[in-house]
Amino acid sequence: MINRTKSDLLFKRANQVIPSGIYGHVAPGAGLPKYFPNYCFSGSGCRFIDVDGNEWLDFMCGFGAVLHGYCHPFIENSVKLQHQHGSVFNQPSMLMVELAERLVDQIDFADWAVFAKNGSDLTTWAIRVAREKTGREYVIRAKGAYHGVDAWCDPGLGGRIPSDRSHILEFEWNDFDQVESLFKEFNNQIAAVILTPYHHPSFAPSILPLDQFWRNVEDLCKTNETLLVLDDVRCGWRLHDCGSHKYFGFTPDLAVYSKALGNGYAISACVGSNQYRNSAAEVFLTGSCWNDAYAMAAALASIKLSIKEKTAQSVLKKGKQFCEHIESIANKFGIPLKMTGVPSMPYPWIEGDDNLYQIQSFCKIATTYGLYFHPHHNWFISDAMTDDDLEQAVKLTHKAFEQYAIELGSNEC
Amino acid sequence: MIEESRLPILAAARSIHASASMLFPKKDVQSFLVPQLLSKNRISIGGTLIFSDHQFFNIVQKGFGIPKIQNVIVSPLRSFLSIFILWKFGKFYKSEKKTSQGFAYLFGSLEAICTYLNNHSKIGKIFDSEKNCRLLVNIAGAKSNFLISYESKNGWSVNFIEEKISATASLTFKNHETAREASLGSLDPWLALATGDILLAGRIPMLDKFGYISRMVRNEIPYPK
């Protein structure tokens, strides 16, 4: 076991002053308690160091918030330049205009952009824009999809009342017939369909859209004058440099981005076409620090870098290479591992391991080799990962599978 | 249908009966603590010993409550035996030294949770999608487990099992003392998870729900003060 003295002590302190110590998706219970560190100290490239000084080869990238690597010099320098001027003022900085122009230039259907801090800020706001535009109440989403922390969609259990979801309808991903049925049942009552580019729930394999799925959904929304909202918070800039809709070949009405947008600086954006501009202007949107110029400087730099380095293509390629290697290693040891979803953010699934015991055991072993592999969430490939890093990751993964196969064998005996 | 306002009383009484069944394995002894809710906010323990809900609350929290005298007079011997076993059980519950009896404490708390799963509308709804799942609860190193599962006839139930079986998820307490603290509501679940006093494996969303429900139940039922 790795040293985790400071991590545990910090958690004990935290638990005195923070409800549940660490909350949300980074809570110990959501990952691998006693194996994953509780607290990080620093990060550079595709590695981070925890508070006990252990170095990790990272496959989570701050749960997707970091695309180009931790502390990327180009992005950090852009933020440093803005440090001379300040972060939050009485009015927005000019960077807000530059960033909106940049997004409108880059995303083919976008005529405007707005900004906030978190993905949830804008997935919820986008739904309100759809309600304002259509005067309708209902929203359709895929069962098990994550769209944020608000009561209409959060995966938690506390603080919820039945009316929070009384206007949310669900269907099984890829089952277009179900979507059609909902449109028939709630004729002229559906304001929006909100979907991620492909289905990437936690605790389950990712599922790519069937051939005609997006085309059909898009057509259905158009026919019914329902807004198609793309929640591109997790996938944005990891599938395509101009929005994930380009990767799958469809056009949404509104799209929400966050995570990789600021490469670790808190920022989210929603873009839309002129058709929805007036409705967008009517739905109140603000936050004290939402005009944060540091995060906007980071986002501008991150987008520039993505274009220059063709980052989406790069992480897809690196991910493909890594996924092929680890599937082949796993198969060599008789473990039917499949890396599901897209290669830049693959979800590891062992066939027959519906209750996740096997992947949990494997990821625990991987931690002893300094590999940060999450057992329940899709992984993220950092563009900072070099060929040498990938080679090292493959070698360590081999060792981890070797050990896992031995332990599996001895348990079976 | 049981009124939800009376669930704390029923859950506490069933919890006592379950824990006592591990401490006093003889079936006839256990029968003296079988609980039944009666009308007019009364509860029967062992058939003849009858308390108002309020007095039963006092028994659980303070260790002392006054039964309905007329029923004691009708069946004095059986009522006396019920009182005696309740008293013995109370002594066990307050004992700090009985830490090797983690299973007895656990059985009681899991029985209380099952009572809520079967009778509380919100809690039942939260766990409704888990009806095909099975949850193992155990103490590290022990060969026996508790299995929580659902059957359409009896609803959710907890059973003590000796054999090794597969389950959807498992919750393991580090030792008997941790299980005891958890059962008495004195274990911080977040800290216990982070420090490894509680180990989770398997389908985490099911454990998340179970944790949420168990904390809800813990906040509702009376505990010894």
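Start by selecting helix H6 of chain B, residues 102-119, in this predicted model. H6(B) lies across strands S4 (135-139), S5, S6 and S7 (169-173) of chain B. Compare its direction with that of S6(B): H6(B) runs at about 165° to that strand. Now add H10(B), which also packs on the sheet and touches S4, S7 and S8 of chain B. The direction of H10(B) makes about 55° with that of S7(B).

**The sheet in chain B**

Hide the helices for a moment and show the strands. In what order do the five strands of this open sheet in chain B come? Reading across, you get S6-S5-S4-S7-S8, with mixed pairing. Colour S6 (155-161) and S8 of chain B: these two stand at the edges, each with a single partner strand, so one side of each has no neighbour in the sheet. On average, neighbouring strands here are turned by 20° against each other, ignoring direction.

Zoom in on S5(B), residues 145-151. S5(B) and S6(B) run antiparallel and are joined by seven bridges. To see a facing pair, pick B:Ser149 and look across to B:Ser157 in S6(B).

**A helix on the way**

Next, select H1 of chain B, residues 7-23. From its first C-alpha to its last, this 17-residue helix reaches 24 Å, close to the 24 Å expected at 1.5 Å a residue. Is H1(B) largely enclosed or largely open? Of its 17 residues, 14 are buried, so the rest of the structure largely encloses H1(B).

**Where the chains meet**

Bring both chains back on screen. The contact involves 18 residues of chain B and 19 residues of chain A. On chain B's side, helix H9 (189-195), strand S8 (198-202) and helix H10 (204-220) each supply at least two residues. H9(B) gives the largest share, five residues. Colour that side of chain B by class and you'll find eleven nonpolar, four polar and three charged residues.

**Over to chain A**

Show chain A alone: there are twelve helices and 13 strands to explore. Its radius of gyration is 22 Å, close to the 22 Å the globule rule gives for 413 residues, so chain A is as compact as a globular protein of that length. Its C-alpha atoms fill a box of roughly 65 × 55 × 45 Å along the principal axes. Of the 413 residues, 45% count as buried.

Pick S9(A), residues 254-257, and turn on side chains. In a regular strand, side chains alternate between the two faces of the sheet. Here A:Leu254 and A:Val256 point one way, A:Ala255 and A:Tyr257 point the other way, and all are buried. Then look at the partners. S8(A), residues 227-231, pairs with S9(A) in the parallel sense over three bridges, and A:Asp231 has A:Val256 as its bridge partner. S10(A), residues 268-272, pairs with S9(A) in the antiparallel sense over four bridges, and there A:Leu254 is partnered by A:Gly272.

**Two unusual backbone angles**

Most residues other than glycine have a negative phi. Two stops in chain A go the other way. Select A:Asn188, which has a positive phi of about 60° and sits in the loop between helix H5 (176-185) and strand S7 (190-195) of chain A. A:Asn188 is exposed, with 12 other C-beta atoms within 10 Å.

Finish at A:Phe203, where phi is near 65°. A:Phe203 is in the loop between S7 and helix H6 (213-223) of chain A. With 18 C-beta neighbours inside 10 Å, A:Phe203 counts as partly exposed.

How values were computed. Residues numbered from 1 in each chain as written. Chains lettered and ligands numbered in written order. Predicted model: local features only at pLDDT ≥ 70, side-chain atom pairs only at ≥ 80, totals over all residues. Contact = placed C-beta atoms within 7 Å. Nonpolar A, V, L, I, M, F, W, Y, C, P; charged D, E, K, R; others polar. Pairing = 2+ DSSP bridges. Axes fitted to C-alpha atoms, helices over the stretch in contact; angles between N-to-C directions. Rg over C-alpha atoms; globule rule 2.2 N^0.38 Å. Buried ≥ 20, exposed ≤ 12 C-beta atoms within 10 Å, placed from the backbone. Expected span 1.5 Å × (residues − 1).
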